[in-house]
Amino acid sequence: MKGRSIEPFFWSLFSSGGMLCAMVLPAVAAILWIAIPLGWIAAPNHESLVALVAHPIIRLALFGLVALGAFHWGHRFRFTLYDGLQLKHLFGLIAAVCYGTATALTVLAAYVLWTL
Amino acid sequence: MEEQRRIREQFFQPRDGGESVAGLRNELTNCMESGAGIYREEASLRQTCDKLRELKERYKNVQLDDHSLTFNTELTTALELGYMLDAAEAVAHSALARRESRGSHQRTDHPDRDDERYLKHSLAYRTEGDPRIEYQDVTITKWPPGDRVYGS
Amino acid sequence: MNPEYRLYHPKWYRRRIPIFWWLKKLAYLKFVLRELTSLAVVYAVVLLLLQLVALSRGEAAYARFLDLLGRPGFLAIHTLVLLGLVFHTVTWLNLAPRALVLRLRGKKVPDRFILAGHYLGWLAVTLLIVWGLVGR
Amino acid sequence: MAASNQDQANETISLEVFRYRPEEEDEPSWQSYEVPFRPDWVVLDALNYVKDEIDGTLSYRWSCRMGVCGSCGMMINGEPKLTCAAFLRDYYPKPIRIEPLTYFPVIRDLVINMDGFLDKLDSVQAWLIPKEEKPVSEGEYLQSPAELAKFKKFSMCINCMLCYSACPVVGHIPGFLGPAAIALAQRYNYDSRDGGADERAETLFSHEGIWECTFVGDCSHVCPKDVDPAGAIQRYKVKATTEWYKSLLLPRGRR
């Protein structure tokens, strides 16, 4: 059995993504998408943000955040559809769509951050 | 199959004015509690034995609400009541025959332990009438019988 | 007697689960809301990615993006997203002691310490991000 | 106290009871009973009153009356509970709705079929598989208090199945091993005398084992013995995941 079921792999992505997003996303969302647009705090200028993102560690962290966040969603949403909407009979399709989307987002994140 | 037929005949016949399982069971509890409880004596035990004879007779006329064959718990409690009556009779008649106090139960009319006559197991056998009580010797191994005393 | 009933052949009754089973009980509703925070998570990472794309396309593109973020519709959505993300964090951290059992010198570390550790971690990460984005 | 009992002697409370008589009907129905309201009575006392005094045809399971045997679990106002631990006074004066444990097939009235649960217990081998067999003459398998503490919580399970009725995953996926079976498997996995973890892993790691659990957590909430099966399952997921990565790194190493 060990190694045969792929479930532990997805679960590890789900749980590490869940932890990472729990720690990081509320602050990111509150600052970037609420406080700055409302003018509560001054927006950092374009230049300094580009410099910040240019740092390889920041880039790696952003990649991890997007990829793991996507897989966290993919895994969790898959089970939400199974039980919440009783769509268990479509399990193959649902798994393909959820993990497929997450994989696409991961590839996209790698491309964007690589070409930044 | 034989037993199934017997149970059907005994419990599933429609009867008028039959006895209820719960009613008989409550009377059984009360008569054992009052006559064969922790403190008992010849008179109370005799009363209990008589009452048990009466209850056994009335048990034959027990009436069930439930005649179904799916998880009929009323039937199982009725069957259990029959066995409880047998066990109660064995208890009460052995207690009546044992004119001594041993262990936690006290015969107030015979307060002392009598190893001479009753260092024995009571054996109750079912008969047509009251159970027959016989005795078997006790093999003492590690713990010899002692006095039951409280608060010493 | 029911004609379909056969002696000694049990006919069990099975209840169907209604599709809105999660509205029947507060605990289930909270569970489904918790699971739906994954939508806030995926929205946030996608938006972050888009913001990075805008950033990489130069100052003008980034300014347009910021302009978009300031519109009331987006602000409303993002308030909901933030609430979802905070709900995700709180529910996630509260469950942490159940999955993580640490032993120090043979003794189980009490759940409240593990919980406190996680919340302190959250606070530290939040401060780090605040410092990184606005503090300097 | 005696006086207040007197005052309430004439008060009653109604029970709305789920009835299903497979020999007579295809669909279940509801039946109401008025029983005396006594503040020291639990729902099981009220049911016994119905059975003894009102309607002998009502069927339900019960035994010890003190939260030990695990047979009197039912849905009370939609919550799985031991009826011997649910006091009438907590519901009075509203009526109490009593149903059989949900997600299980109903045999009759409040009696459910538990074969599926027993099969699941079997499949996870919820018993001690000794690490090393030794003859009785060599004495007991000793255990320290610290070793006992590792599994004691899980050993408190009384197989009352309330957790199965609290688990929507059990409802959607009847094959799911479920809370109690996994917690009991863990009870032996964490036992210092046990060597059966690998055998149990076969079932636990499988698809209808731990991976179906979405941590709704209600199983732990309804457990009358604070076993925390949800926690047990999460810990097993962590363990299974580390094992999985280990076996990836050391393909032929372990096992």
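I count two residues as in contact if their C-beta atoms, placed from the backbone, lie within 7 Å. By that criterion I looked up the contact between chain B and chain D, and I found nine residues from chain B and twelve residues from chain D. By class, the chain B side of this contact has three nonpolar, three polar and three charged residues. I note at the outset that the model is a predicted one.

**Entry: contacts between chains**

I next asked which of the five pairs of chains in contact shares the most contacts. The pair is chains A and C. In that pair, I found 43 residues of chain C in contact with 45 residues of chain A. I then listed the elements that give two or more residues to the chain C side, and they are helix H1 (26-56), helix H2 (59-69), helix H3 (72-99) and helix H4 (111-135) of chain C. H1(C) gives the most to this side, with 16 residues. Sorting the chain C side by class, I obtained 30 nonpolar, eleven polar and two charged residues.

I also checked chain A against chain B. No contact joins these two chains, and their closest C-alpha atoms lie 33 Å apart.

**Entry: chain C as a whole**

I recorded four helices and two strands for chain C. From the N terminus on, the elements of chain C run α-α-α-β-β-α. I compared the radius of gyration of chain C, 25 Å, with the value near 14 Å that a compact globule of 136 residues would have. Along the principal axes, the C-alpha atoms of chain C fill a box of roughly 80 × 50 × 25 Å. Of the 136 residues of chain C, I found that 21% count as buried. I then took the contacts in chain C between residues at least 6 apart in sequence, and 44% of them join residues at least 24 apart.

**Entry: chain B as a whole**

I repeated the survey for chain B, which has five helices and four strands. Along the sequence, the pattern of chain B is α-α-β-α-α-β-α-β-β. Its radius of gyration is 19 Å, where a compact globule of 152 residues would have one near 15 Å. The box that I took along the principal axes for the C-alpha atoms of chain B is roughly 55 × 30 × 30 Å. Buried residues make up 20% of the 152 residues in chain B. Among its contacts between residues at least 6 apart in sequence, I found that 60% join residues at least 24 apart.

**Entry: helix H3 of chain B**

I tested the length of helix H3 (residues 42-59) of chain B. At 1.5 Å a residue, its 18 residues should span 26 Å, and I found its end C-alpha atoms 25 Å apart, which agrees.

I then asked which residues of H3(B) are buried. They are B:Ser44, B:Leu45, B:Thr48, B:Cys49, B:Leu52 and B:Leu55. Seen down the axis of H3(B), these buried residues fall within an arc of 140°, so they line one face of the helix. I recall the general background here: an α-helix has 3.6 residues a turn, so residues three or four places apart point the same way. On the face of H3(B) turned away from the buried side, I noted the exposed residues B:Ala43, B:Glu54 and B:Glu57. I traced the packing partners of the buried residues of H3(B) to helix H2 (21-35), strand E1 (39-40) and helix H4 (73-97) of chain B.

**Entry: hairpin in chain B**

I looked up the pairing of strand E3 (residues 120-125) of chain B with E4(B), and I found it antiparallel over six bridges. The two strands form a hairpin with six residues between them. Within the pairing, B:Ala124 stands opposite B:Ile133 in E4(B). I then asked how many of the six residues of strand E4 (residues 132-137) of chain B are buried. The count is zero, and I recorded this strand as hardly covered.

**Entry: hairpin in chain D**

I turned last to chain D. Strand E3 (residues 73-76) and strand E4 (residues 79-82) of chain D pair in the antiparallel sense over four bridges. I identified D:Pro80 in E4(D) as the bridge partner of D:Met75. The hairpin of E3(D) and E4(D) has two residues between the strands, and in this hairpin I noted that D:Asn77 takes a positive phi near 50°.

Key
Residues numbered from 1 in each chain as written. Chains lettered and ligands numbered in written order. Predicted model: local features only at pLDDT ≥ 70, side-chain atom pairs only at ≥ 80, totals over all residues. Nonpolar A, V, L, I, M, F, W, Y, C, P; charged D, E, K, R; others polar. Expected span 1.5 Å × (residues − 1). Buried ≥ 20, exposed ≤ 12 C-beta atoms within 10 Å, placed from the backbone. Arc of directions from axis to C-beta. Rg over C-alpha atoms; globule rule 2.2 N^0.38 Å. Pairing = 2+ DSSP bridges.
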